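Biologist: I've got a structure here and I'd like you to zoom in on one small part of it, then show me how the rest fits around that. Here's what we're both looking at.

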Amino acid sequence: MDLGAITKYSALHAKPNGLILQYGTAGFRTKAEHLDHVMFRMGLLAVLRSKQTKSTIGVMVTASHNPEEDNGVKLVDPLGEMLAPSWEEHATCLANAEEQDMQRVLIDISEKEAVNLQQDAFVVIGRDTRPSSEKLSQSVIDGVTVLGGQFHDYGLLTTPQLHYMVYCRNTGGRYGKATIEGYYQKLSKAFVELTKQALFSTAVEMKIKQSAEQLEDKKRKAAKMLENIIDLFNQVADRRVISTTDAERQAVTPPGLQEAINDLVKKYKLSRAFVRPSGTEDVVRVYAEADSQESADHLAHEVSLAVFQLAGGIGERPQPGF
C-alpha cells in the first residue's frame, strides 16, 4: 500500500469540515457538491474489498429517486448483493475520517479483514445521468488506481445492470455475459420463461375450472336423483313386522326383504334403497335413489312390491308412479 500516494491523492479530494455521513442500505446520499472525497474513498474501499474476497466489486454512482442536485454511491458485493454489514461500518468510518487519520483507518480495515495487499483487485463502475455523476465517477477511479486496482468503467447504467455485471464477472460468465447486450438477453430469456410459466399456470387454472364445472354438473345431476318416498298405506297389516338396523338403512325382518332390496338395487346405476316402518301408523316408507328420475321411480316401485309381498301387504298392490 503506497501510503504516500494515497495521502497525495486524498488531498485532491479533501473532506469538507464537519461533514458526517452514514452508509445505509442505499449507500451514501447527500448533495453532490459534498461527495467528492466520499467517492475517492469508496474507490479505495472497493479495492480492499476486492482483494479480500478475490472477486470483482462494483461501485455505482447514483442517488436513485433523490433530487437532481443530490448524488450518492453504493458498493456491490461479489454475488451482486449489497455490501456486507461489517464493510458498511468500514465505509462509514473511512468516509468520515479526517485527512490525518486516513492512513490509520485504511491499515485498520486491512488488518481487521485480513486483506492480502498483494492480491489483485478489480472494480467495475457505473453511473446515472445526473450532471455530477461523470465527475464523481472519476473520483472513484482515482481511488481505485491509487491502490493499484484494475477497473472497467461501464459509464451510464441502471443500478440493477451494475449488480448483474458484478455477478456475471464473478461466475465466469455462467450467469450471463457481463455486457449490456448480455443483460438484455438475460432479461428477455427470463421474461420468455416467465411467460411460459404463466401460460402453464393458466392452463392448470383452466383445467381446475373445468374440473370444478364438471363437479358442479355432477352435483346437479345428483340433486336430480330425487329421493322418492312412497307411503304404503293399509299397502302392511302390522308395521312391526319390519325391523331395521344401521340407522334404518338395513331391514332385519321380515326374512328375505333386505336380500330382495339388494338384488333390485343392482339393476340401477348409482342407486340405493331402504325401507322403514312409520312410527305412528301401519305404514312402510320406501326410500329410493338412482342416476335418473325414471330409474328412481322404477326402483321405488319394485321395492314397494317386495315390501307388499314379504311384509304382509293388504289392499291393492302398489302401482307404478305412486
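Where does Ala 114 lie?

Modeller: Quick housekeeping: this is a predicted model, so I take local features from residues with pLDDT of at least 70 and side-chain atom pairs from pLDDT 80 or more, while totals for chains, interfaces and linings use all residues. Residues are numbered from 1 along each chain as its sequence is written, and side-chain values use heavy atoms, leaving out hydrogens and water.

Now to your spot. Ala 114 sits in the loop between H4 and strand E4, and that strand covers residues 122-127. Helices here are DSSP runs of H or I with at least four residues, strands are runs of E with at least two, and both are numbered from the N terminus. The backbone is what makes Ala 114 worth a look: its phi is positive, about 50°, although this residue is not a glycine. Ala 114 counts as exposed because its relative accessible area is 64%. The cut-offs, using a 1.4 Å probe and protein chains only, are under 20% for buried, over 50% for exposed, and partly exposed in between.

Step back into H4, which takes in residues 102-112, and you can pick out Val 105. Val 105 has a relative accessible area of just 3%, so this one is buried. For company, look at Leu 94: the two residues are 11 apart along the chain, and 6.4 Å separates their C-alpha atoms. So the picture for this part pairs an exposed Ala 114 in the loop with a buried Val 105 in the helix.

There's another residue to set beside Ala 114. Leu 270 also isn't a glycine, yet has a positive phi of about 50°. You'll find Leu 270 in the loop between H8 and E9. With 63% relative accessibility, Leu 270 is exposed.

While we're in that loop, have a look at Lys 267. The side chain of Lys 267 forms a salt bridge with that of Glu 302, at 2.8 Å from N to O. That pair ties together distant parts of the chain, as Lys 267 belongs to the loop between H8 and E9 (272-277), whereas Glu 302 is in helix H9 (293-310), 35 residues away. A salt bridge here means a side-chain nitrogen of Lys or Arg within 4 Å of a carboxyl oxygen of Asp or Glu. The general idea is that side chains of opposite charge can pair when their charged atoms come close. Lys 267 is exposed, at 51% relative accessibility, and Glu 302 is partly exposed, at 22%.

Now slide back into H8 itself, residues 257-265, where Leu 264 lies. Leu 264 is buried because its relative accessible area is 14%. Its C-alpha is 9.8 Å from that of His 298, although 34 residues separate them in sequence.

On the way into H8 there's a backbone feature of another kind. The peptide bond from Thr 253 to Pro 254 is cis, which puts omega near 0°. Pro 254 is placed in the loop between strand E8 (250-253) and H8.

Keep going back and you meet another charged pair, Arg 249 and Asp 246, whose side chains form a salt bridge at 3.1 Å from N to O. Arg 249 is partly exposed at 39%, and Asp 246 is partly exposed at 38%. Arg 240 has a salt bridge too, with Asp 238, and there the closest N and O atoms are 3.1 Å apart. Arg 240 is exposed, with a relative accessible area of 68%, while Asp 238, at 25%, is partly exposed.

Elsewhere, Lys 31, Glu 69 and Asp 70 are joined in a network of salt bridges. Searching the whole structure turns up 13 salt bridges.

And the wide view? Nine helices and 10 strands make up the tally for the protein, and 44% of its 322 residues are buried. So when you go back to Ala 114, keep in mind that this residue is exposed, with a relative accessible area of 64%, and sits in the loop between H4 and E4.
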